[in-house]
Amino acid sequence: MILIADSGSTKTDWCVVEKGELVQQIFTKGTNPFFQSEEEISNEIATALLPELKTNEFEAVYFYGAGCGFPDKIAVVHRALTKHLKVEGEVEVATDMLAAARGLCGREAGIACIMGTGSNSCYYDGESIVANVSPLGFILGDEGSGACLGKLMVGDLLKNQMTPELKEKFLAQFNLTPADIIDRVYRKPFPNRFLASLSPFLAQNISEPCIHELVLNSFKAFFKRNIMQYENYQNLKVNLIGSVAYYYKEVLAEAAEAMGIQLGTIIQSPMEGLIKYHA
C-alpha cells in the first residue's frame, strides 16, 4: 500500500493506493513550505490527515507539492511526513511540476503545464524535467493562474477599467469593500489563495468583452513568456493540468491558436496519471 499526495497552494489531494487501485482519497488544506513552517505542515498532517486515514503504515510515500523545489524545503516536508507516517520504503518529496509531468505524460516526453492557483511549465523527457522557465510567483509571473487572473481583475475593477455595474456586482457577490481587498492582499497571509478565490467571477462573466479580453491576454502571456522559450515547442503538444486550464478550456484554445500552440491533454488533476505511473 502506498500514499500519493498532490499538493497545491490551496488544497492537498491524498490517495491511498493498493495494487494500482485507489482505496481511499482525502482532501486537506494546501501545503507550501515557502509560506508554512514545519510545525504548521506537521500540524495539518496530524489534525486533518491522520484522523481520516485507515492506516498510517505504508510501503512508500510520494509527496508532490508547490514550493518543494529546494533541498531545505524538501527536508521540511520530509520530516513532517515521517513524523506521523510509518514508511517501510521510499519517501519521495518532489515538485508539483514533476507531478504534472508524470500525470500528464507518464513516461513519454512532452511539455507539461500547471494552471491552477499558480502556474508553471516544463519540458519533460519521460523521466525527469530537463527545462523549466521559472514561474516567479503571482507578483512577478504566474501568468494565466487563478491568482494572476484575480490580481488583474481586482486591479481593473478598483481602477475603474471595467463597467460600474461589474464593479458593483463583484463587490456585492463577495461581500467585499475596496479596503477589505487591500487588507487581504497586503496584510493577511496567503494573498495568492485569496486572489485565486475571486477568479471564478471571471468565468461567470466571461461573455463580457472586457473580461474575455483580460483572460485571453493572460493566457497569451503564459504561452509567450513560458512555452515559447522551450526548444522545438512548435512540434510538441502542450498538456495542461489544473482548475483554471480545465474551466477556461475554450478561451485557452483561442489563445493557443492565436500563438501557434498545439494543445494536448487538459485535465483537472494529475492523480489518475500518478496512480498509473507509480503502479
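**Sheet, helices and salt bridges in a predicted model**

Strands S1 (residues 2-7) and S2 (residues 11-18) pair in the antiparallel sense, with six bridges between them. Within this pair, Ile-2 stands opposite Val-17 of S2. The description that follows, like this opening, rests on a predicted model. Helix H1 (residues 38-49) packs on the sheet, where it touches S2 and S3, and its direction makes about 120° with that of S3.

On its other side in the strand order, S1 leads to S5. The open sheet comprises five strands in the order S3-S2-S1-S5-S7, and its pairing is mixed. Strand S3 (21-29) and strand S7 occupy the edges with a single partner strand each, so one side of each is left without a neighbour in the sheet. From one strand to the next, the twist averages 15°. The parallel part of the arrangement includes S1 and S5, which are joined by six bridges, and Gly-65 in S5 is the bridge partner of Ser-7. Strand S5 (residues 60-65) also pairs with S7 in the parallel sense, here over five bridges. Two positions help to trace this pairing by eye: Gly-65 stands opposite Thr-95 in S7, and Tyr-62 has Glu-92 of S7 as its bridge partner.

How many of the six residues of S5 are buried? The count is six of six, so S5 is largely enclosed by the rest of the structure. In a regular strand, side chains alternate between the two faces of the sheet. In S5, Ala-60, Tyr-62 and Tyr-64 point one way, while Val-61, Phe-63 and Gly-65 point the other way, and all are buried. Strand S7 (residues 91-95) is mostly covered as well, with four of its five residues buried.

A helix accompanies this part of the sheet. Helix H2 lies across S2, S5 and S7 and runs at about 140° to S7. One residue of H2 (residues 71-84) deserves a closer look, namely Lys-73. Lys-73 is buried yet has no salt bridge, and the nearest side chain of opposite charge, that of Asp-72, is 4.1 Å away. Beyond its neighbours within four places in sequence, Lys-73 is in contact with Pro-33, Phe-34 and Gly-67.

Elsewhere, charged side chains do find partners, and the count comes to six salt bridges. One of them begins in the sheet: Glu-92 forms a salt bridge with Arg-102, with the closest N and O atoms 3.4 Å apart. Glu-92 belongs to strand S7 and Arg-102 to helix H3 (residues 96-105), so the pair ties together parts that are 10 residues apart in sequence. Both Glu-92 and Arg-102 are buried.

A salt bridge between Glu-143 and Arg-225 brings the closest N and O atoms to 2.6 Å from each other. This pair links distant parts of the chain, 82 residues apart: Glu-143 sits in the loop between helix H4 (137-140) and helix H5 (146-158), and Arg-225 in helix H10 (residues 209-225). The two ends have their own surroundings. Glu-143 has 10% relative accessibility and therefore counts as buried, whereas Arg-225, at 45%, counts as partly exposed.

Another salt bridge stays within one helix. Glu-272 and Lys-276 both lie in helix H13 (residues 271-278), four residues apart, or about one turn of the helix. The closest N and O atoms of Glu-272 and Lys-276 are 3.9 Å apart, and both residues are exposed. Finally, Asp-183, Arg-187 and Lys-188 are linked in a network of salt bridges.

These details belong to a protein chain with 13 helices and 12 strands. Its radius of gyration is 19 Å, close to the 19 Å given by the globule rule for 279 residues, so the chain is as compact as a globular protein of that length. Along the principal axes, the C-alpha atoms fill a box of roughly 60 × 45 × 30 Å. Of the 279 residues, 49% count as buried. Among contacts between residues at least 6 apart in sequence, 65% join residues at least 24 apart.

Conventions: Residues numbered from 1 in each chain as written. Predicted model: local features only at pLDDT ≥ 70, side-chain atom pairs only at ≥ 80, totals over all residues. Heavy atoms only, no water. Buried < 20%, exposed > 50% of the residue type's maximum accessible area, 1.4 Å probe, protein only. Lys, Arg positive; Asp, Glu negative; His and termini not counted. Salt bridge = Lys/Arg side-chain N within 4 Å of Asp/Glu carboxyl O. Contact = heavy atoms within 4.5 Å. Pairing = 2+ DSSP bridges. Axes fitted to C-alpha atoms, helices over the stretch in contact; angles between N-to-C directions. Rg over C-alpha atoms; globule rule 2.2 N^0.38 Å.
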